[in-house]
Structure formats: C-alpha cells, structure tokens
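The following exercises concern the geometry of a single molecular structure. Please attempt each task before reading its solution.

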Amino acid sequence: MTRVRLLVLNAALGPLDYSVPDGVEIRPGSVVIAPLGPRTVTGIVWDEGRLPGGDFDASKLRPIREVVDVPPLSAPLRRLIEWTADYYCAALASVARMVLSSGGALGGPATMTEYRLSGEEAEPKKTGRITPQRKQALAALMGEQGTIRELAEISGVSDGVLRGMVGAGLIEPVTVAIDRPFPPANADYHQPALSPDQLRVARELVGAVEERKFAPFLLDGVTGSGKTETYFEPVAEAIRMGRQVLVLLPEIALTENFLTRFEQRFGAAPVQWHSSLKSTERRRAWRAIAQGPEGGGAQVIVGARSALFLPYANLGLIVVDEAHEISFKQDDGVRYNARDVSVMRARFEEIPVVLASATPALESLHMANSGTYTKLVLPSRFGGAQLPEIKLVDLTLEKPAAGAWLSAPLIDGIKARLAAGEQSLLFLNRRGYAPLTLCRNCGHRFQCPNCSAWLVEHRLSSRLACHHCGLETQPPEKCPDCGEADCLVACGPGVERIADEVKALFPEARIAVATSDTLGSPERAAEFIAQAEAKAIDVIVGTQLVTKGFHFPELTLVGVVDADLGLEGGDLRAAERTYQQVAQVAGRAGRGAKPGEVLLQTRHPDAPVIAALADGDRDAFYAAETDARKDAGAPPFGRWAAIILSSEDEREARAAAARLGDNRPAQDDFYILGPAPAPMALLRGRYRYRFLVNARRSANLQSALRHWVASVNFPPGVRVGIDIDPYSFV
C-alpha cells in the first residue's frame, strides 16, 4: 500500500488520506499515528473504497508517522464498527473510539513497580520499633505482591505504614512488565455434575462451538436452573480449541460472584473489563485480548457492555448473561444495545452467541419463536429445588401502620425467618432514604438546579443527591425558602427508610442495604456476598442490583415492598420491565433445600402483570403483552426511535425542536409524535425536547432520520441525538 485512507478518532474531521513511507508494511486495520497540522492524530487504516473521500494527488499527501505496535483490527471488527454506526445513526469515529478505548495500550511495552516482603529483618536505626500496624502487615502480606494501594487493602493498614516499611527495608520494590500474562484457564479443572436438562442443552451449545459458524441461541431457564454451569460447557470447549470467549454481564456487582464460580470450574479467574479497572489494568487486559491465546494472551473475558468492542484475536463464543437487562442499553454517546450488537458481532465473526435469561426480552422471545434464534429451555431448578410460592398482599386491605411501609403479613414473614435462622430479602427499586424532601411550613421542595428531578435524601451519607447529574449537597438546618428550622420532612420510602423500619421492628436483626451506592465496586460486592453466604446478614434490603445472579441458599423470603412502582410513568415497556424485575427478585428465594416464599405488596392486585406474577403464568403474560405490542405496532412488530434536542437556553431548544418539526418527513410508514418537552425536561443543565417515531418494520428508518435531521441547520448550542430502539423515555 502506497497510500491509505484513515478513520481518525475525531468525528468532526472525517476520513483523511496519507501516503505510506517506503519500506513500511501496513494492512487494513493497522493503527497508525499521522500528522495533522502541528500535532498528530490516531487513525485506523480502512478498507479501500469503504470510506468517502476525494482522489488526491499522492505526491501531495503527508506520510503517516508510525505504525502502532498492536495487531491490526480484524475485518469482522471493522464490519461491526460500520454496522453499529449505520444502525444507531452514530459517527464511525465514535464507534471506533470504543475499540481503542485504552490509550495506554497503544504505547508499546511498559513496566511498573510492585512491592513484596523483602524477608529482611528491620534495622533498628531506621525503624525504631516494630509497631502493631507493621506486625499486622508482615503477617498479612506473606506471599503477596502488588502496588502499595493493593497491599494496603490486603493488609488493612494505611499506605503511609507500607511506605515506611519500604524505607526500612521490610518491603522491597520489584519491576514487573505491565503486560505479563494472565493465569491460563483449564477446561478440565473441575467437571460438575449436570442434570439431564443441562447436559442436553450443553451438548447442543458445545456442538455449535465445534462447528465454527454463526448460531444464535436463547437460553431460557427458570431462576436457579443452572444456566451458568450449562454455558460453562461450551466455554470449556472454546478454551480447548484455543479460542476466546466473551461473557457480558449487566452489572459490575455481579462480577465477583461470577469470578468465584468461574475459578471453581476452570482453576483461574477470567480477564475482567469494566469501568472500575485502573488504567494499567485496562491496558494489560486490552493487549492480552488483542494478542489472543496463541500468543499467551486472554482466553475468557468477562465484562460490561463496552467489552463487546474489544479487538479479540480469535473469538469463538459470546455469552450475554441476564440478556433482558436494560443495563445493556447505552443511553449517551453511541446509543447501542449490547444484546443486539453481540448478535451482530457473532454474525460477522461466524461464531455462536448465547442470550441467557430467566425472563427474556419480548424481542428475543419473538426471534426464538420465529425460528431466527434457537430456543433452549431449562424448565426446572437444579437439584430438585422448587420455585417459590408467590402471594399477593393487597395494601388496600392490609394497610401498614401510619408512617410505615411494611404490611403485617410481610412483618410476620420476616419474624418467622429470623426465628428459624433464615434470611429475608426486601426489594424496593428506589435508592436512598426518601425520594422527596419538603418543608412542612411553606411546602418548599428540594429540587436539583440542573435537572427536572427531586433531590433524594441519603441518610447513610448525610446528603441530598440528584441521581441524574450527580449533584450532592448537605441537608440544610433551615428551609432555604422560609428560614424555618427543624421543618424538613422526608416523603416516600427508599431502601434506607425500609432498613430503618426493619431495624425498629427487629433491633437484633443484622441488616444490609444493597444498592449501587453501597456495592459500587467489585470489592464491596465481594464483601457483601461473603457476609450473606456466611449467614452474617439476616435481612437484605436492596434495589434492582439484588434481583439477579446471587445465590444464597438460606434466603427463603422475598418481600416486594411496592410491586406497582415500575408501572408508573411513561415507560412504554413498563409491564415487561415490572414482570422481569419482580420475577427475577422472586427467584432469589428458595434456591437451596428449604422452600421459598414471595410476598408482593400491591394496591392493584388485578393489574394483568401483577396477576400473572401471582399465578406464575409467564406464558400468559408474554402472550398478552405480545398482542398489545402487535396492536400498537411496537417492537418487535414495529420500530421505535427518538430524536432528542437539547440546549442550555430553553428558548433555543424549543425553537430548534419547532423548526425540526416543521420539516418532518411525510411518509406513510412513519408516525411522528412531538416535539414535546421531554419528561426530564432539564437534564444536567440542558433543556430537552423529544420526538418519538413509530415506524413499520419495512421502513428505511435510519436513512429517513439522517436526512430529516440533516435538513435543518441548528445553532452551535443545540445538540441533536438519535436513539434507535430507545429503552429510556426520560
């Protein structure tokens, strides 16, 4: 190649042409550094003819500066970038930036300093005496090696204590390569005993891995049926074949539980990829993934949705666990759904993909029922455990006490479990102590200045917080409006308030609050899991974070504090989400030898979704929901898309939305609602207006939306975003 066209990681620039210096070997997918004016840019060499651009005189092109020492991005990955950008109406450069998300990985080999015990005796002149903290560190760090911060977490002492031990010669520095290999997984380390149903499903998945062709599967198994152990069998086969496996999880908090189960099966932990990793850890993982198993790199990768775009060297299988979860949909930047993109990546890579869930998305079920996906069913719980009995508590009849939120049947259920030494779980999908704080004197409501949202009181951390923009402030002693002291009232319950109520009822109970605030890191999640498994927790009070993935054999009661909560608001998938969430949290009960019970507190026991949950009739609920979607032309029978306009100036945003509305396309296969102020009309300081588009499946939706948006010139302060297949309607 004497000239190349680069996809540079700047959406505003577009493709750029460069010449290739003599003697430089370059291929499509190579990552290069090229000059741009007085600076340089990173770019990817793209296939000839696939990016727009002019035909320039080669003699006038500037030469690329260097080829980065990483393997070229594969053709399937380049096709995925193109498909994602086209389908989700995003810039190619924005999608490519997700692939090259670890800037440090492009810098070539590097080293870092770690520390370990030196084995030397302390010199009295340097240390004086061995303090209790140093004794603690010496005992805890035997055989350990890591950074000062990592060793401090292991030993339970401060960084300063360890640095003092370095100066005293008790701890020595060691230079290690950042890109050192990860411990290999052994496909035959431990072979679990599988049920006949698990063996049947596992054999079909293993066969698909061996065939090396595109095969999408929907693994539909009830909660506790052993889906993870089942899909570990095709994972093992891919490892034997020297191929890589990607397992996507919706929550970082689920990672620790998965790591433990994986290590028990394969003898080593998988490579992780999520937002909590340090930059050096991301660099090491990225390069190991690009290197592949043949070069001693990563075999199995477990990660959040962004792991889908990593440059795998030899991908052989993709598993999307809890595939129904809305966490797989990204709502800013490139607004993609990792569940759907994973199927497309598998198609481009010509490999099988497994979507695993106890409550599949309606779209996934439709694909399975139409024959596009192969449906594999695990109909019963592993080991003879029974699904829990679900009972409704009608709050119009069983009213909680004044100022309380737990009904008498639920209180009696907790009391019985405490007496029996069993665990209970209370579910309320609302973080904090109370969703609204107001002044009883003047009625002032504490609202976020940047968003159309109330500030949520968090008493555990003594703060008022906005869950949309992250603003935090201390609760005032006086009302900022009328100046009255001691007049602030918490309205409505959050999980912290429910935990306080349980504590007042059962002072001896050991209570844990499980939310993204309290389990925000893998380490905190691991500590929570260890305490629950050791029966050091009696009652768990949690949000949707505890609805999936956790297996606590002594947990026999699940109480849903407000089963109606998810049915409120303008969510077009409200019924489906409510069913999935409640069914998943109900599945935490009775997973061991002891039977489980689920109590749903509701004010609408006759609502179709609540009745279906009580009857345990999933098929009837999905059939009714399918009919409703078909009548409305909603997914999977129609298409949805949203256009969101925002500006820091409300008048500018409103005028831009009106101008776009005046230019709406007149098409028979489209139905356009709006413009209207978004339900979250102010978000992070920007005023927002929305259009909602309902289109037939046959409509050329993306092309029409791109032409529509391009028909209007917007002021510089206006941002326009297109959301294909939206899940959030705020």
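Three exercises with worked solutions follow, and the model to which they refer is a predicted one.

**Exercise 1. A helix pair**

Task: Determine how the axes of helix α4 and helix α6 are oriented to each other, and state which residues make the contact.

Solution.
Step 1. Locate the two helices: α4 comprises residues 132-140 and α6 comprises residues 159-167.
Step 2. Consider the axes, which come within 10 Å and cross at roughly 80°.
Step 3. Classify the angle. Angles of 65 to 115 degrees count as roughly perpendicular, and α4 and α6 are therefore roughly perpendicular to each other.
Step 4. List the contact residues. Helix α4 contributes Gln 133, Arg 134, Ala 137 and Leu 138, while α6 contributes Val 161, Leu 162, Gly 164 and Met 165.
Step 5. Sort the residues by class: the contact of α4 with α6 has 5 nonpolar, 2 polar and 1 charged residues.

**Exercise 2. The surroundings of Lys 329**

Task: Establish whether Lys 329 is buried or exposed, and identify the side chain with which its own side chain makes a polar contact.

Solution.
Step 1. Place the residue: Lys 329 is found in the loop between β13 (315-321) and α11 (338-349).
Step 2. Apply the cut-off for burial, which is under 20% relative accessible area. The relative accessibility of Lys 329 is 4%, so this residue counts as buried.
Step 3. Examine the contacts beyond four places in sequence. Lys 329 touches Arg 305, Arg 335, Tyr 336 and Asn 337, and also Asp 723, Ile 724, Asp 725, Pro 726 and Tyr 727.
Step 4. Compare sequence and space for one of these residues: Pro 726 is 397 residues from Lys 329 along the chain, yet their C-alpha atoms are separated by 8.3 Å.
Step 5. Identify the polar partner: the side chains of Lys 329 and Asp 723 make a polar contact at 2.7 Å.

**Exercise 3. A sheet and its helices**

Task: Give the strand order of the open sheet of 7 strands, and describe how helices α10 and α11 lie on the strands.

Solution.
Step 1. Write the order, which is β11-β12-β10-β13-β14-β9-β15, with parallel pairing.
Step 2. Find the edges. β11 (271-273) and β15 (374-378) each have a single partner strand, so one side of each lacks a neighbour in the sheet.
Step 3. Note the twist, which averages 20° from one strand to the next.
Step 4. Inspect one pair: β9 (residues 215-221) and β15 are joined in the parallel sense over 5 bridges. Asp 220 stands opposite Val 377 in β15.
Step 5. Add the helices. Helix α10 (residues 279-291) packs on the sheet and touches β10, β11 and β12, with its direction at about 115° to that of β11. Helix α11 lies across β10, β13 and β14, running at about 160° to β14.

Methods
Residues numbered from 1 in each chain as written. Predicted model: local features only at pLDDT ≥ 70, side-chain atom pairs only at ≥ 80, totals over all residues. Heavy atoms only, no water. Axes fitted to C-alpha atoms, helices over the stretch in contact; angles between N-to-C directions. Helix = DSSP H or I, 4+ residues; strand = E, 2+ residues; numbered from the N terminus. Parallel < 35°, antiparallel > 145°, perpendicular 65-115°, else oblique. Contact = heavy atoms within 4.5 Å. Nonpolar A, V, L, I, M, F, W, Y, C, P; charged D, E, K, R; others polar. Buried < 20%, exposed > 50% of the residue type's maximum accessible area, 1.4 Å probe, protein only. Polar contact = N/O pair within 3.5 Å; in protein donor to acceptor, adjacent residues only side chain to side chain. Pairing = 2+ DSSP bridges.
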